Amino acid sequence: LQGGTTALVVRDVKQETVREWLPPLRDFTVCDWAPGGTRVLLFGFDGMHRLGLHVFDLETGNTVAVRTSGPVSDGAWSATGDIVYSSGE
């Protein structure tokens with residue numbers, strides 16, 4: 001995805017389906033997919049206009065802010081999917 005996105009669209013090539021979500025973020029980009037494919041790490045602005053990293057759960061539709069202060073530019077999941085690594089600008 002490119003910056004400026006407000007919708008997350010996922011195409012499952014095995015099941016030949018397309019699903020769309022509207023996370024409560026704006027101008028986001030996808031940083032990384034969690035192992036297992038049920039969560040995605042997004043970098044964008046929340047409802048309070050804070051730029052940061054957010055975990056979006058594809059099953060529940062819930063979004064959790066991971067980091068919205070200090071220098072934040074991107075992030076990645078650990079191999080086990082339980083830790084998010086963040087790098088500053």
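**Group meeting: a walk through an all-strand model**

Let me start with one residue. H49 has 58% relative accessibility, so it counts as exposed (over 50%; buried is under 20%, partly exposed lies in between; 1.4 Å probe, protein chains only). H49 sits in the loop between β4 and β5. Its phi is near 65°, which is positive in a residue other than glycine.

Some ground rules. This is a predicted model: local features need pLDDT of at least 70, side-chain atom pairs count only at pLDDT 80 or more, and totals for chains, interfaces and linings use all residues. Residues are numbered from 1 along each chain as its sequence is written, and side-chain values use heavy atoms, with hydrogens and water left out.

Now the fold. The protein has zero helices and eight strands (DSSP runs numbered from the N terminus: strands are E, at least two residues; helices are H or I, at least four). From the N terminus on, the order reads β-β-β-β-β-β-β-β. The protein has 89 residues, and 29% of them count as buried. Next, contacts, meaning heavy atoms within 4.5 Å. Take those in the protein with a separation of 6 or more: residues 24 or more positions apart account for 23% of them.

Back to backbone angles. H49 has a partner in E16, which is not a glycine but has a positive phi of about 55°. E16 lies in the loop between β1 and β2. Is E16 buried or exposed? E16 is exposed, because its relative accessible area is 72%.

Next to H49 in the numbering is M48. The loop between β4 (39-45) and β5 also holds M48. At 60% relative accessibility, M48 counts as exposed. M48 and L25 are 23 residues apart along the chain, and their C-alpha atoms are separated by 9.7 Å.

On to R26. R26 belongs to strand β3, residues 26-33. Its relative accessibility is 33%, so R26 counts as partly exposed. What does R26 touch beyond four places in sequence? The answer is T5, T6, G44, F45 and H49. So H49, my opening residue, is on the list for R26. G44 is on it too. R26 and G44 are 18 residues apart in sequence, yet 6.0 Å apart C-alpha to C-alpha. There is also a polar contact of 2.8 Å between the side chains of R26 and D27. A polar contact is a pair of N or O atoms within 3.5 Å; within protein, one must be able to donate a hydrogen and the other to accept it, and residues adjacent in sequence count only if both atoms are side-chain atoms.

G44 comes up again with H54. H54 is in strand β5, residues 51-57. At 2% relative accessibility, H54 counts as buried. A polar atom of the H54 side chain lies 3.4 Å from the backbone oxygen of G44. Leaving out residues up to four places away in sequence, H54 touches L25, V40, L41, L42, G44, D46, T63, V64, A65, V66 and T68.

Now ring pairs. How many aromatic pairs does a search of the whole structure find? It finds one (rings of Phe, Tyr and Trp, the last by its six-membered ring, with centres within 6.5 Å). W21 and F56 form the pair: 6.5 Å centre to centre, 75° between the planes, edge-to-face (over 60 degrees; stacked is under 30, the rest tilted). The pair links distant parts of the chain, with W21 in strand β2 and F56 in strand β5, 35 residues apart. W21 and F56 are both buried.

W21 also helps line the largest pocket. A pocket here is an open set of points on a 1 Å grid over the protein atoms alone, where a 1.4 Å probe fits and protein lies on both sides within 12 Å along at least five of seven lines; lining residues have an atom within 4 Å of a point. The full lining is V10, R11, D12, T17, V18, R19, W21, G36, G37, T38, L58 and E59. β1 (8-12) and β2 (17-21) each supply at least two of these residues. β2 gives the largest share, four residues.

Last stop, S78. S78 is in the loop between β7 (74-77) and β8 (84-87). Its relative accessibility is 8%, so S78 counts as buried. A polar contact of 3.1 Å joins its side chain to that of D82. Beyond four places in sequence, S78 is in contact with P35, I83 and Y85.
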